[in-house]
Structure formats: structure tokens, C-alpha cells
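Here are my notes on this entry, as numbered points. Please read them with the structure open.

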There are 2 protein chains.
Amino acid sequence: MSTDNALVEQDDAEGGLNSQAALGLIGYRLRRAQLSVFQRFLTVFESLALRPAEYSVLVLVDENPGRKQSEIAAALGIKRANFVALAQGLEARGLLERLSVESDRRANALHLTASGRIFLAEARDLHDQLESDFVERLGGESQREQLLALLERLT
Amino acid sequence: MSTDNALVEQDDAEGGLNSQAALGLIGYRLRRAQLSVFQRFLTVFESLALRPAEYSVLVLVDENPGRKQSEIAAALGIKRANFVALAQGLEARGLLERLSVESDRRANALHLTASGRIFLAEARDLHDQLESDFVERLGGESQREQLLALLERLT
DNA sequence: GCAGTTTGTTATACGTGATAACATTCGATG
DNA sequence: CATCGAATGTTATCACGTATAACAAACTGC
């Protein structure tokens, strides 16, 4: 029952394990792909010292200037508590401004600084290259949209 | 350049942020989908107190009995160092055996115990249900295979 | 004005992945 | 056989991401 025939790969060779079932798992492949993609992201963005989460914050703030921390955090699925250090870090680098709102003195309204916008443009270039590379791997733009649609349904 | 017009959704409403670009990112969607899938996994497997990584180890060992720790770890993309506690945990629960190999006294050969096999059968049932649920969300078996193929290319 | 809620914040804990160092053992080569 | 390099399992440690609890300040609704 264990040793299989020619229908599947042999599992007695030293090289590849029999991983039919294990690697067929959606969750497993999802995790592997995500780790791989993030790893490539980290490599490409190393020169900018920018992490994926930070990039997504900059993009979202750029597209939604003046929003509160909580709103940006919630939109990205990040807990308020965990967002604090993230925002403070970007602020310390001069990329992000946290302006106090007159109508609500608790809230911080997020804006990009001038250099934040310049920095983001640079980051966007890098990211576009990365995304193009992914599209190439996937085999075309239509495959990319298909992937995004499928991932959406899982979320 | 920054404020856009009617071509995209308005971003002044209180509900949804403008997230065209941010949410269009492959890495971002991948991360969100992976978190969502893992969360569902954790919920379903809560009764068994089994984590995703542990499940994948049991499956792989079941299909490749007698392999060394390093081999199983490498096949799952887990570092040797991080695999130790994982394997010891499964051994402590009586699911896994780590037999010393005569031909190589450094190595541990991994096998499932009898109760490990029973336990795994139970886990496989749960996982099959979960996977079926995913397939349903994806819209069919062919979409599942498409997704797996696309993820494979990204890895 | 008060009660309950929201916002930002700190502290803390857990899980995962990565690296470095180490002892033991193996393999190959002199 | 002796030695050197590599492999194996292990421990300790670190960096990150995520989660919860608690808190002060401020807002909202009654």
C-alpha cells in the first residue's frame, strides 16, 4: 500500500518526497506562495528599507489623505495597537504626517509629506517592476486577474 | 496629480476607502487570502488542537515513513532548527515516532504511531470538509486547480 | 453632566521564520 | 588509520507580525 507504482512519483528516491496530498492543499500552497512573494518583495525593497505593510500604508494614505489612523489600519486589516509603531516609524522617517484634527482632538489625520510622495513614487516604480515580474511568471495579465479574483473569493 | 476625478470611486465617504491600487497588489491579496484561509483552518482544527504546520507534517510523514527529520523539514520549507520543537511536540502527543537509524546514528527516522494514524484520519476528514468548502467558494474543482497552478508559478 | 464609546497608546504574549553556535556522527581523502 | 569537511539534530536568540488587555483623553448621546 505504501510503495506505489508508475502512476505517481516514486518516494524511495533520495530527491523528491511523495507529496501528492500534502502539496495539494490550498492552504499550504497559499502559504508557500505568499512567503515566496514576500521574500521577493523584501529583496526588491531592501534598498528603500521598506516593508510590505509600510508600502501598503503609504499607498493607502496617498489615495486617502486625511484619514484617521484607525481607518487606514482597519482598511489594511491591521489592529489599531499594531499600527501605532508602524505610523510612528514612517513619521520618524519624514514620509508621513500625523496632524491633529480640530473636530476630534483624539484623532490623527494621516498625510504624506512632500518627501513621502517622492519616496512613494520611487517605491511604486520598484513595485511595478515586481508586479510585472509576477505577471510574467503567471503567464499574462489575464492570469493575474484570474488569480486576484480567485483569492478574493477565498477571503 | 494626486486628487483624482470621477473615474474612480469617491474616497470621501465614511465607509469604504479608495483602495484601487493598494488592494490590487498580488502580494497584498495573497496575504489576506492566506490569513483568512489559515484562520478558518485554525477554527476547524481547534477541536484537535492541530496547527497547519503540524497537519502538513503528519500528512507528509504518513506518505513518506522513515524519512529523516531534515528531509521532511526541507520538503515543507521549514528550517531544521524550527522543526525540532514541532517534531518533539507531535512525539510528546504520541502521534509521531522518532526512531534512531542504524546506518546513521545522527538521524531520526520519522514514523506515525498507530494512534497517530487514527488521529490523522480524523484530521483528514476535517480537512476534506474544509477543502470542499474552499472549492465551493472558488466555484468548482477546475477553479481550484487553476488556483493551485497559478500559486505554483509564483512560488 | 454622565455613561458608554472611540482613538491612540503602551505593555505584553504567542507563533513563525531566520541565524549562529555546538556536539555528534558520517564520508571522503590523504 | 587520522583528519578535515559536511551533515544532523539541537539549543539559544532575534526579528516580525499578530493578538489581547488596560489606560487616558476625548467624543457622543441621552
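1. Start with DNA strand D in this predicted model. Sugar or phosphate supplies 59% of its atoms within 4 Å of the protein, and bases supply the rest. The strand is surrounded by 21 residues. The closest are Arg51(A), Arg105(A), Lys68(B), Ser70(B) and Arg106(B).

2. Which atoms of DNA strand D do individual side chains approach? Two of the pairs involve phosphate oxygens. A polar side-chain atom of Arg51(A) is 2.4 Å from one phosphate oxygen of strand D. For Arg98(B), an N or O atom of the side chain sits 2.8 Å from a phosphate oxygen of DNA strand D. Asn82(A) addresses a base instead: an N or O atom in its side chain is 2.9 Å from a base nitrogen of DNA strand D.3. The surface near DNA strand D draws two or more residues from each of several elements: H4 of chain A, and helix H2 (26-44), helix H4 (69-75) and H5 of chain B. H5(B) contributes the most, with four residues. By class, the surface near DNA strand D holds 10 charged, six polar and five nonpolar residues.

4. Now DNA strand C. Here 19 residues surround the strand. Lys68(A), Ser70(A), Arg98(A), Arg106(A) and Arg105(B) are the closest. Of the atoms of DNA strand C that come within 4 Å of the protein, 62% are accounted for by sugar and phosphate.

5. Polar contacts to DNA strand C come from both side chain and backbone. On chain A, a polar side-chain atom of Gln69(A) is 3.1 Å from a phosphate oxygen of DNA strand C. On chain B, a polar backbone atom of Arg105(B) lies 2.9 Å from a phosphate oxygen of DNA strand C. Arg106(B) is placed at a base: an N or O atom in its side chain is 3.1 Å from a base oxygen of DNA strand C.

6. Which helices supply at least two residues each of the surface near DNA strand C? They are helix H3 (69-75) and helix H4 (80-92) of chain A, together with helix H5 (80-92) of chain B. The largest share, four residues, comes from H4(A). The surface near DNA strand C has 10 charged, five polar and four nonpolar residues.

7. Check the loop of chain B that lies between strand E1 (96-100) and strand E2 (108-112). Ala107(B) is placed in this loop. Is Ala107(B) buried or exposed? Ala107(B) counts as buried because its relative accessibility is 9%, and the cut-off for buried is under 20%.

8. What does Ala107(B) touch, leaving aside its neighbours within four places in sequence? Ala107(B) is in contact with Lys68(B), Leu99(B), Ser100(B) and Val101(B). Lys68(B) is 39 residues away from Ala107(B) in sequence, yet their C-alpha atoms are 6.1 Å apart. Lys68(B) also appears in point 1, among the closest residues to DNA strand D.

9. Last, the aromatic rings. The count over all chains is six aromatic pairs. One of them joins Phe41(A) and Phe45(A), and this pair is stacked. The centres are 4.0 Å apart, with 10° between the planes. Phe41(A) and Phe45(A) are both buried. Together with Tyr55(A), Phe41(A) and Phe45(A) make up one aromatic cluster.

Definitions and conventions:
Residues are numbered from 1 along each chain as its sequence is written. Chains are lettered from A and ligands numbered from 1 in the order in which they are written. This is a predicted model: local features need pLDDT of at least 70, side-chain atom pairs count only at pLDDT 80 or more; totals for chains, interfaces and linings use all residues. Side-chain values use heavy atoms; hydrogens and water are left out. Buried means under 20% relative accessible area, exposed over 50%, partly exposed in between (1.4 Å probe, protein chains only). Contact means heavy atoms within 4.5 Å. A residue is near a molecule or strand if one of its heavy atoms lies within 4 Å of it. A polar contact is a pair of N or O atoms within 3.5 Å; within protein, one must be able to donate a hydrogen and the other to accept it, and residues adjacent in sequence count only if both atoms are side-chain atoms. Ala, Val, Leu, Ile, Met, Phe, Trp, Tyr, Cys and Pro count as nonpolar, Asp, Glu, Lys and Arg as charged, and the others, Gly among them, as polar. Rings of Phe, Tyr and Trp (its six-membered ring) pair if their centres lie within 6.5 Å; planes under 30 degrees apart count as stacked, over 60 as edge-to-face and the rest as tilted.
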